[in-house]
Amino acid sequence: MCMQVLWIMCVSLLFCPSLGCYQCFVDVEESSRLCWGHVMSDIEVRNVDRCFFMLDRKFNNNIKVIEAAKVGKGYDQQLSKILNAEILPLAKEFDMKKNYDYVYEKRLQTAADNFIAAASKLPRVSGCFPPCGFQSAGAVYNCMTCHYDSCEFPLDCPIEEIQLIENSRSRMWCKVPFDLPADIEVIWRVAKQMKTQQIDQFADVTSGVDRLLSIPSARLQHQGTYQCEILSGGRSIVRLYYYIAVTPQAVTGHIALQEIFEQSLLPGGQLVPGPGSSPPSLQLPMLLTACLTTSLLLLFLSLGALYLSSTPEQTSSLEETDRDEDLGVATEHGEQ
């Protein structure tokens with residue numbers, strides 16, 4: 001009868017809402033054997049409760065024990081072996097034998113110190129790499145819950161902006177700073193003409209193992225947000241986003257001309273005289289003439305491009321190109 005009461009008391013104390021390193025690895029039966037003969041020296045009374053409180057203080061609420069147990073994935077079994085190697089011999093030695101509380105205090109403190117020393121030598125995790133992605137390799141064992149804690153980052157990475165000039169080339173790499181499984185699948189998607197992370201706005205571009213997406217010649221229709229999603233076993237690991245902004249060449253030419261003109265002026269609005277140059281009064285008409293000529297040339301070029309793009313043959317050619325090349329992007333075999 002007494003053993004049954006002791007067993008119930010042991011279970012109720014050990015399996016309380018807040019767990020600890022001791023509960024994660026030591027069986028209840030071994031704890032009952034260990035604490036059976038705990039005697040309070042001041043009143044000469046056997047008290048099992050005090051023994052469990054001492055276990056809680058030495059192991060479950062010991063910050064050094066908790067920190068030493070923060071090992072990498074798969075090493076929790078090593079923690080179990082280390083702790084049981086300290087507790088089981090004590091349980092066998094103290095089973096059905098009375099010992100004073102100061103004996104328990106000394107022996108359990110030695111067991112806790114030995115566990116800290118041995119557990120601290122186990123491999124630590126490589127750490128978590130912010131700001132995004134499911135990183136199972138960075139999980140840390142938490143003996144307060146008896147489970148591994150993940151890095152707890154969101155799957156979606158912040159949008160990276162890429163500024164392109166029309167007809168230039170761009171490459172987008174689907175790279176992450178943490179290790180990936182061997183069986184990954186890479187899906188590239190695009191949300192045309194918008195900057196967004198809303199999943200329902202994206203359309204598939206390609207899927208496979210290619211982690212590099214290339215735009216050989218950027219056009220205005222390529223502007224938008226590109227998403228790269230990496231999966232393993234059908235489960236999403238990370239989603240990266242790239243926003244492509246394409247600037248027309250004509251606009252780029254006007255901006256460059258404006259910069260040249262502004263650089264040629266002094267703070268007071270006067271022209272910068274060059275070595276051996278004519279007076280500013282003669283330079284101003286010449287510069288205005290050059291600016292006007294350049295502006296007219298850009299206007300004629302723009303009208304010519306508009307005329308060519310409006311012809312039926314050119315329109316048909318662009319439509320065929322869009323059908324053949326989809327978005328005009330190409331995947332290249334990236335690093336695995």
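Pro131 lies in the loop between α7 and β4. In this predicted model, a cis peptide bond joins Pro130 and Pro131. The omega angle of that bond is about 10 degrees.

The protein chain as a whole has ten helices and 13 strands. Of its 336 residues, 36% count as buried. Contacts across the sequence were also counted. Among contacts between residues at least 6 apart in sequence, 69% join residues at least 24 apart.

Helix α3 covers residues 28-35. Six of its eight residues are buried, so α3 is largely enclosed by the rest of the structure. The buried residues are Val28, Glu30, Ser31, Ser32, Leu34 and Cys35. Helix α3 also meets helix α6. The axes of α3 and α6 come within 7 Å and cross at roughly 50 degrees. An angle of 65 to 115 degrees would count as roughly perpendicular, and one under 35 degrees as roughly parallel. The two helices are therefore oblique to each other. Their crossing is left-handed. On the α3 side, the contact is made by Glu30, Arg33 and Leu34. On the α6 side, Ile87, Leu88, Leu90, Ala91, Lys92 and Phe94 take part. Glu30 and Leu34 thus appear both among the buried residues of α3 and in its contact with α6.

Helix α6 spans residues 76-94 and includes Glu93. Glu93 is partly exposed, with a relative accessible area of 36%. Its side chain joins that of Arg107 in a polar contact of 2.9 Å. Glu93 and Arg33 are 60 residues apart along the chain, yet their C-alpha atoms are separated by 9.1 Å. Arg33 is one of the α3 residues in the contact with α6. Beyond this helix comes the loop between α6 and β3, where Met96 is placed. Phi of Met96 is near 60 degrees, a positive value in a residue other than glycine. Met96 counts as partly exposed, because its relative accessibility is 48% and the exposed class begins over 50%.

A second helix pair is formed by α4 (residues 48-60) and α7 (residues 101-119). These helices pack at an angle of about 30 degrees, with their axes 10 Å apart. Angles under 35 degrees count as roughly parallel. Helices α4 and α7 are therefore roughly parallel to each other. Their crossing is right-handed. From α4, the contact involves Cys51, Met54, Leu55, Arg57, Lys58 and Phe59. From α7, it involves Asp101, Tyr104, Glu105, Leu108, Gln109, Ala111 and Ala112.

The strands were examined next. Strands of a sheet pair through backbone hydrogen bonds, either parallel or antiparallel. One open sheet has three strands in the order β2-β1-β3, with mixed pairing. Its edge strands are β2 (45-46) and β3 (99-100), and each of them pairs on one side only. Strand β1 (residues 38-40) pairs with β3 in the parallel sense over two bridges. Within this region, Val39 stands opposite Tyr100 in β3. The loop between β1 and β2 holds Glu44. Phi of Glu44 is near 55 degrees, a positive value in a residue other than glycine.

In a regular strand the side chains alternate between the two faces of the sheet. Strand β7 (residues 170-173) shows such alternation. Ser170 and Met172 point to one face and are buried. Arg171 and Trp173 point to the other face and are not buried. Strand β7 pairs with β10 (residues 212-215) in the antiparallel sense, over four bridges. The bridge partner of Met172 in β10 is Leu213.

Strand β4 (residues 140-142) includes Asn142. Asn142 is buried, because its relative accessible area is 18% and the buried class lies under 20%. Leaving aside residues up to four places away in sequence, Asn142 touches His147 and Asp149. With Asp149 there is also a polar contact: the side chains of Asn142 and Asp149 are joined at 3.0 Å.

Note on methods: Residues are numbered from 1 along each chain as its sequence is written. This is a predicted model: local features need pLDDT of at least 70, side-chain atom pairs count only at pLDDT 80 or more; totals for chains, interfaces and linings use all residues. Side-chain values use heavy atoms; hydrogens and water are left out. Buried means under 20% relative accessible area, exposed over 50%, partly exposed in between (1.4 Å probe, protein chains only). A polar contact is a pair of N or O atoms within 3.5 Å; within protein, one must be able to donate a hydrogen and the other to accept it, and residues adjacent in sequence count only if both atoms are side-chain atoms. Contact means heavy atoms within 4.5 Å. Two strands pair if DSSP finds at least two bridges between them. Axes are lines fitted to C-alpha atoms, for helices over the stretch in contact, and angles run from 0 to 180 degrees between N-to-C directions. Angles under 35 degrees count as roughly parallel, over 145 as roughly antiparallel, 65 to 115 as roughly perpendicular and the rest as oblique. A crossing is left-handed if the near helix is turned anticlockwise from the far one by less than a right angle, and right-handed if clockwise.
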